[in-house]
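Here are my notes on the structure you asked me to look over, set out as numbered points. Please read them with the model open beside you, and follow each residue as it is named.

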Amino acid sequence: MDLSHRDRSLGTVEGTRTGAERASATGFATYAPGVAAGAAGLVVFLTVHAVLILPIWFVAPLGIVAAVVGGVAVNWAYRSVESHLPASLGGRWVALAGGAILVLTPSLVVAWAGEPYFTVVDGVRRAAGDGPTIAARFVVEFLLVTTLSGAALGWVVTRSRRGALAVAVAALAFALGPGHNLPFFHLLYAPAPATTGLLLTLATILTASAVFVLVDRIVTPSGS
């Protein structure tokens, strides 16, 4: 019996198994921060919404899907800009949260510079236009502007088309996720609801960003 051949075979099997385990760990490390952040953001969004506005727990199943998809998008953007971020947890949290706020701000300025989507007449909330018009304004003024803002930020940070695309997709995820209500409450015409919406979105972004960088540091420790 050729024991040396057997040892070499076992060594090959073990080496392959170790490589598979490393690949599995790398895949987990890639997506775990975004999924955890999305889940945490959803919990905060629904909880704050229930406290400040009204309970909408029934949207949780759809929210989980959106949170996971959005988390994957944020993962992609984060990996694209990671080499340009501060090394500290606090610095990365500020960078991630600040980036989310930054890409949402121009669209709010554009939406609030125009007429409100809805007005209140004699205590009754009325649409300021027909459904297709409001939907078109939402798509152009909010979703498109936010996506373009993300692309611009990604390009400035990475100087690459891949980075611009990744951050643009993440920006769209932020707009459809925690920020989707913001343009419907005009800051000048409905300051109280608009302020509540801003607080709700800010709490979600700050929490999700903190969870992201913390989980990322746990699953991808330095030197790994």
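**Notes on the pockets, helices and salt bridges**

1. Helix α2 is the element that gives the most to the lining of the largest pocket, supplying eight residues. Please keep in mind throughout that this is a predicted model. The largest pocket holds about 670 Å³ of space, and its lining is made up of 31 residues, of which A66, A67, A173, G177 and P178 lie nearest the centre. Besides α2, the helices α1 (3–52), α5 (161–176) and α6 each bring at least two residues to this lining.

2. What is the chemical character of the lining of the largest pocket, divided into nonpolar, polar and charged residues? The lining divides into 21 nonpolar and ten polar residues, with no charged residue among them.

3. The second largest pocket has a volume of about 300 Å³, and 17 residues line it, with V81, A95, G99, L153 and V167 lying nearest its centre. Here α3 gives the most, with five residues, while α2, α3, α4 and α5 each supply at least two. The lining of this pocket divides into 15 nonpolar and two polar residues, and again no charged residue takes part.

4. It may help to step back to the whole chain before going further. The secondary structure comes to six helices and two strands, and from the N terminus on the elements run α-α-α-β-β-α-α-α. Of the 224 residues in the protein chain, 34% are buried. Among contacts between residues at least 6 apart in sequence, 72% join residues that are at least 24 apart.

5. Helix α2 (60–81) deserves a check of its length. Its 22 residues, counted at 1.5 Å a residue, should span 32 Å, and because its end C-alpha atoms are 30 Å apart, the expected and modelled values agree. The buried residues of α2 are G63, A67, G70, G71, A73, V74, N75, A77, Y78, S80 and V81. Two of these names have already come up: A67 is one of the residues nearest the centre of the largest pocket, and V81 is one of those nearest the centre of the second largest pocket.

6. How far apart are the end C-alpha atoms of helix α6 (residues 191–219)? They are 42 Å apart, and since the 29 residues of this helix should span 42 Å at 1.5 Å a residue, the model agrees with the expectation. The buried residues of α6 include A194, G197, L200, T201, T204 and I205, and further along A208, S209, F212, V213, V215 and D216.

7. T201, which lies in helix α6, is a useful residue to examine closely. Its relative accessibility is 5%, and therefore T201 counts as buried, the cut-off for that word being under 20%. Leaving aside residues up to four places away in sequence, T201 touches L104, P178, G179 and L182. P178 is also one of the residues nearest the centre of the largest pocket.

8. The structure holds four salt bridges, and R79, E82, R92 and D216 are linked in a network of them. The side chains of R79 and E82 meet at 3.3 Å, taken from N to O, and those of E82 and R92 meet at 3.2 Å, again from N to O. The second of these pairs links distant parts of the chain, with E82 in the loop between α2 (60–81) and α3 (89–113) and R92 in helix α3, ten residues apart.

9. Are the residues of this network buried or exposed, or something in between? R79 counts as partly exposed because its relative accessibility is 27%, and E82 is also partly exposed, with a relative accessible area of 23%. R92, in contrast, is buried, at 13%, and D216 is listed among the buried residues of α6.

10. One further salt bridge joins E141 to R137, where the closest N and O atoms are 3.1 Å apart. These two residues are four residues apart in helix α4 (residues 131–158), which means that about one helical turn separates them. Both E141 and R137 are buried.

Note on methods
Residues are numbered from 1 along each chain as its sequence is written. This is a predicted model: local features need pLDDT of at least 70, side-chain atom pairs count only at pLDDT 80 or more; totals for chains, interfaces and linings use all residues. Side-chain values use heavy atoms; hydrogens and water are left out. The expected span of a helix is 1.5 Å times one less than its number of residues. Buried means under 20% relative accessible area, exposed over 50%, partly exposed in between (1.4 Å probe, protein chains only). On a 1 Å grid over the protein atoms alone, a cavity is a set of points where a 1.4 Å probe fits but cannot get out, and a pocket is an open set with protein on both sides within 12 Å along at least five of seven lines; lining residues have an atom within 4 Å of a point. Grid points are joined across faces, edges and corners, and a volume is the space filled by probe spheres set on the points. Ala, Val, Leu, Ile, Met, Phe, Trp, Tyr, Cys and Pro count as nonpolar, Asp, Glu, Lys and Arg as charged, and the others, Gly among them, as polar. Contact means heavy atoms within 4.5 Å.
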